[in-house]
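Q: I work at the bench and want to learn to read a protein model. Can we go through one together, feature by feature?

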Amino acid sequence: MSEESDSLRTSPSVASLSENELPPPAEPPGYVCSLTEDLVTKAREELQEKPEWRLRDVQALRDMVRKEYPTLSTSLDDAFLLRFLRARKFDYDRALQLLVNYHSCRRSWPEVFTNLRPSALKDVLNSGFLTVLPHTDPRGCHVLCIRPDRWIPSNYPITENIRAVYLTLEKLIQAEETQDGFPIRIKAVHIVNEPRIFKGIFAIIKPFLKEKIANRFFLHGADLNSLHTNLPRNILPKEYGGTAGELDTATWNAVLLASEDDFVKEFCQPTPGCDSILGHTLLPEGLSSNAQCDDSMRAVKSQLYSCY
């Protein structure tokens, strides 16, 4: 099957059709691969993605959505569906479940996903709570830097921070080279400057995590040399012992704000009522939409580096 979209195909105008004949439904936009040869090879080896079967696999997932979840309000574009296939290594059933879960989360947590656009989160962005480092790690993974101590609870609720994280992840996976997982797969979480109590809390939680997930958490404390064994100094800002200059949050903020129209289209349109096929709320137990922590939480100056 050819991977090239039939961009020259035209549909007859409605006026030229008979009274009993309706125009066919519009086809989703065709897919144009932007991966380098090296990434195509990597996708084949790690994700079981075969370029010659790619459009067939996308169509199979599209057909499953239409058949099994006809009322699910979702994009059926090639590029969008590929996110979920790649996140589940082209297992159709698991990709479909991930797609349903993704929309279930969006509908069940309106405090986070309603009106999710950069201009609505300027307070978070201006605080320096999070940013994406300009350089990837040696594996080509982007590095998301989260600084909890920059959050002042009296300024805005904690859900605004969560919204900013989701906003950033959504923007990052628009780039095809990052689509192996949120569909997204966290490769590693590095925490520095964490207080001693955090290590105790994590020791309690760790047994309940899947081994693969637990092994991706690294607690470095104040030992930046430990951090540098995982993230090289040449991609880190000066404040983390790196050689990449001062931490720049303005550039990533500008990238997000320039994507305002994309987020308005995706997250700010009227949505139908909750589909009965979607699961229960995914809001973490005990967290309310207006939850705010005591100012003492600002003493937790952990810096979170999340590579994926």
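What follows is a short dialogue on the features of this model.

Q: What kind of model is this, and how are residues numbered?
A: It is a predicted model: local features need pLDDT of at least 70, side-chain atom pairs count only at pLDDT 80 or more, and totals for chains, interfaces and linings use all residues. Residues are numbered from 1 along each chain as its sequence is written, and side-chain values use heavy atoms, with hydrogens and water left out.

Q: How many helices and strands does the protein chain have?
A: The chain has 12 helices and five strands. Helices (H or I, at least four residues) and strands (E, at least two) are DSSP runs, numbered from the N terminus.

Q: How much of the protein chain counts as buried?
A: Of its 308 residues, 43% are buried. Buried means under 20% relative accessible area, exposed over 50%, and partly exposed in between (1.4 Å probe, protein chains only). The accessible surface of the chain is about 17,300 Å². Carbon and sulfur atoms hold 53% of that surface. Such areas come from the Shrake-Rupley method with a 1.4 Å probe; for residues, only the protein chains shown count as cover.

Q: How do I read a pair of packed helices?
A: Use two values: the angle between the axes and the distance between them. Axes are lines fitted to C-alpha atoms, for helices over the stretch in contact, and angles run from 0 to 180 degrees between N-to-C directions. Take helix H2 (residues 54–68) and helix H3 (residues 78–87): their axes come within 10 Å and cross at roughly 90°. H2 and H3 are therefore roughly perpendicular. The cut-offs: under 35 degrees is roughly parallel, over 145 roughly antiparallel, 65 to 115 roughly perpendicular, and the rest oblique.

Q: Which residues make the contact between H2 and H3?
A: On H2, they include Arg54, Leu61 and Arg62; on H3, Asp78, Leu82 and Arg86 are among them. Contact means heavy atoms within 4.5 Å.

Q: Where is another packed pair?
A: Look at helix H7 (residues 158–172) and helix H11 (residues 250–257), which pack at about 75° with axes 11 Å apart. H7 gives Leu167, Thr168, Lys171 and Leu172 to the contact, and H11 gives Trp252, Val255 and Leu256.

Q: What about charged pairs?
A: Opposite charges on side chains can pair when the charged atoms come close. A salt bridge is a side-chain nitrogen of Lys or Arg within 4 Å of a carboxyl oxygen of Asp or Glu. This structure holds 13. In one of them, Arg62 and Asp78 meet at 2.3 Å, N to O. Arg62 lies in H2 and Asp78 in H3, so the pair ties together parts 16 residues apart in sequence. Both Arg62 and Asp78 are buried.

Q: Are Glu260 and Arg117 buried or partly exposed?
A: Glu260 is buried, at 16% relative accessible area, while Arg117 is partly exposed, at 24%. The two form a salt bridge, with the closest N and O atoms 3.0 Å apart.

Q: What does the sign of phi tell me?
A: Most residues other than glycine have a negative phi. Lys89 is not a glycine, yet its phi is positive, about 50°. Lys89 sits in the loop between H3 and helix H4 (92–108). Asn193, also not a glycine, has a positive phi of about 60°. Asn193 lies in the loop between strand E3 (188–192) and H8.
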